[in-house]
Every structure is written in structure tokens, then in C-alpha cells.
Amino acid sequence: GLGRVAAEEVPERWGGLVDLPQAADRRSRGRLADVLAGLDGEDQVAVRPAGVFANRLVRAPWHEPARDPAWAPRGTVLITGGTGALGGHVARWLADNGAEHLLLVSRRGPAAPGADALAAELRAAGAEVTVAACDITDRAELAALLADIPADRPLGAVVHTAAVLDDAVLDSLTLDQLDRVLRVKVRGAENLHELT
């Protein structure tokens with residue numbers, strides 16, 4: 001995502017983006033050399049032992065139903081940033097698709113603006129709702145939250161929508177801004193991954 005922002009904001013400095021495997025073998029190194037030589041004309045690729053891959057959008061056929069969820073939520077679904085705009089949209093979708101228990105987590109929890117109204121809306125849609133305050137970057141605090149999930153509705157999914165907004169163009173970003181933004185996204189994701 002940051003690479004795409006750089007491409008848009010400073011196109012004269014854009015050289016491309018290559019996602020490499022964690023352990024590159026001889027074949028992957030050869031493919032990287034081909035990419036760097038510009039043989040395929042792509043400026044964003046993933047190099048893997050199986051080949052070089054680029055993102056492609058494919059138009060969905062009109063005859064497919066607009067709403068056909070392949071996944072049905074079960075047990076407790078934890079939504080970080082659950083009282084925010086994006087978390088609220090995710091929670092509504094989950095409630096409409098049969099979620100049993102939604103655990104909406106944010107730093108302010110029930111004190112977040114609109115939290116009570118969102119919880120009432122989700123309950124009216126048939127979901128059980130818990131709104132909790134938790135700093136997901138605090139590993140101990142997150143572990144305590146996870147330990148309190150009811151045994152009869154075990155954790156079935158995590159949707160990580162928590163974010164801190166600190167807008168700036170790349171040329172003016174400071175390390176403090178990056179730390180504030182990435183702490184919630186990256187450290188939060190790492191804690192969620194390791195604890196679940």
C-alpha cells in the first residue's frame with residue numbers, strides 16, 4: 001500500500017515494487033533478475049518459486065448474485081476498531097450474515113461515540129454484542145480480553161479494522177507519525193496473530 005502511495009505522490013521517483021519470498025532460491029533470484037531487467041513490463045510483482053505474479057482485476061459476470069457469502073461467521077467474531085466507521089460496516093455485514101456474537105473492541109470501548117447505537121442496531125439484527133475497551137497494542141491487555149471470550153461462543157474469526165489516522169504526504173511524514181499509525185496496524189496485528 002505504501003508503495004502505491006509513493007507511485008502516485010512522486011511518480012518521477014517510482015521504480016516499482018517487488019515482493020520477494022522469505023527464502024529466495026536460485027530460481028527466485030533468476031526471476032528477480034528478469035523483473036529488474038524489465039522483461040515483463042510490470043512495475044509491481046510478487047516473485048515466488050512458482051513464478052512471477054502481478055495483480056489483476058477481473059470483471060465479475062453480471063449473472064452472479066451480488067450477495068453470496070462463502071463464509072458464515074460462527075462463535076465470537078472479534079472486530080478491532082469495532083466502534084469506528086469501517087468496524088461498524090463490517091459488524092453490520094456480519095450480523096446480517098448470521099454472526100452469533102460480535103466483540104467490538106476499541107480503545108474507548110463503550111465510551112466511543114455511537115457505540116451504544118451501533119450495539120443496539122446489531123442486536124436488532126439478531127447478534128449478541130459485547131463492546132469492550134482494549135488497547136490491542138498492549139499484549140497483556142489483549143490476552144486478558146481474549147481469555148474472557150465465552151467458552152460456549154469460542155473465537156471464530158478476527159477482523160482487524162483498528163487504525164489511527166494521521167494524514168500527510170510522504171515527503172512530510174515524520175517517524176513519530178509513522179510510529180503512531182503503524183503501531184496500531186502492525187503491532188496490533190502481530191499481537192492478534194500470536195495470541196490467537
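Helices and strands here are DSSP runs, with helices (H or I) at least four residues long and strands (E) at least two, numbered from the N terminus. That is how serine 28 comes to be placed in helix α2, which covers residues 26-36. The model shown in these views is a predicted one.

**Figure 1. An overview of the protein chain, with its 6 helices and 7 strands.** Starting at the N terminus, the elements follow the order α-β-α-β-β-β-α-β-α-β-α-β-α. The radius of gyration is 21 Å, well over the 16 Å that the globule rule gives for 196 residues, so the protein chain is more spread out than a compact globule. Along the principal axes, its C-alpha atoms fill a box of roughly 55 × 50 × 30 Å. Of the 196 residues, 31% count as buried. Take contacts between residues at least 6 apart in sequence: 65% of them join residues at least 24 apart.

**Figure 2. The surface of the protein chain and its charges.** The accessible surface comes to about 12,500 Å², and carbon and sulfur atoms account for 54% of that area. The protein chain carries 21 positive and 28 negative charges, and the mean positions of the two sets are 3 Å apart.

**Figure 3. A close look at the largest nonpolar core, with its 17 residues.** In soluble globular proteins, nonpolar side chains tend to be buried together. Within this core, the residues that touch the most other members are Ile79, Leu102, Leu104 and Leu122. At least two core residues come from each of β4 (76-80), α3 (85-96), β5 (101-106), α4 (115-124) and β6 (128-133). Helix α4 gives the most, with 4 residues. Apart from this core lies another, of 13 residues, including Leu142, Leu145, Leu146 and Val184.

**Figure 4. Leucine 102 and its contacts.** Which residues are in contact with leucine 102, leaving aside its neighbours within four places in sequence? They are Val77, Ile79, Ala91, Leu94, Ala95, Leu122, Ala127, Glu128, Val129 and Thr130.

**Figure 5. Threonine 161, in the loop between β7 (155-160) and α6 (175-195).** Is this loop residue buried or exposed? Its relative accessible area is 11%, and since buried means under 20%, threonine 161 counts as buried. Not counting residues up to four places away in sequence, threonine 161 touches Ile79, Thr80, Gly81, Gly82, Leu86, Gly87, Val90 and Lys185. You can also look for alanine 85, which is 76 residues away along the chain: the C-alpha atoms of threonine 161 and alanine 85 are separated by 9.3 Å.

**Figure 6. Lysine 185, a residue of helix α6.** With a relative accessible area of 30%, lysine 185 is partly exposed. Beyond residues up to four places away in sequence, lysine 185 touches His160, Thr161, Ala162 and Ala163. Arginine 123 is 62 residues from lysine 185 along the chain, and their C-alpha atoms are separated by 28 Å.

**Figure 7. Serine 28 in helix α2.** Serine 28 has a relative accessible area of 2%, so this serine is buried. Where does serine 28 make its contacts, not counting residues up to four places away in sequence? Serine 28 touches Pro21, Val47, Arg48 and Pro49.

How values were computed: Residues are numbered from 1 along each chain as its sequence is written. This is a predicted model: local features need pLDDT of at least 70, side-chain atom pairs count only at pLDDT 80 or more; totals for chains, interfaces and linings use all residues. Side-chain values use heavy atoms; hydrogens and water are left out. The radius of gyration is taken over C-alpha atoms; the globule rule is 2.2 Å times the number of residues to the power 0.38. Buried means under 20% relative accessible area, exposed over 50%, partly exposed in between (1.4 Å probe, protein chains only). Contact means heavy atoms within 4.5 Å. Accessible areas come from the Shrake-Rupley method with a 1.4 Å probe; for residues, only the protein chains shown count as cover. Lys and Arg count as positive and Asp and Glu as negative; His and the chain ends are not counted. The place of a charge is taken as NZ of Lys, CZ of Arg, CG of Asp or CD of Glu. A nonpolar core is a set of buried Ala, Val, Leu, Ile, Met, Phe, Trp, Tyr and Cys residues joined through side-chain atoms within 4.5 Å.
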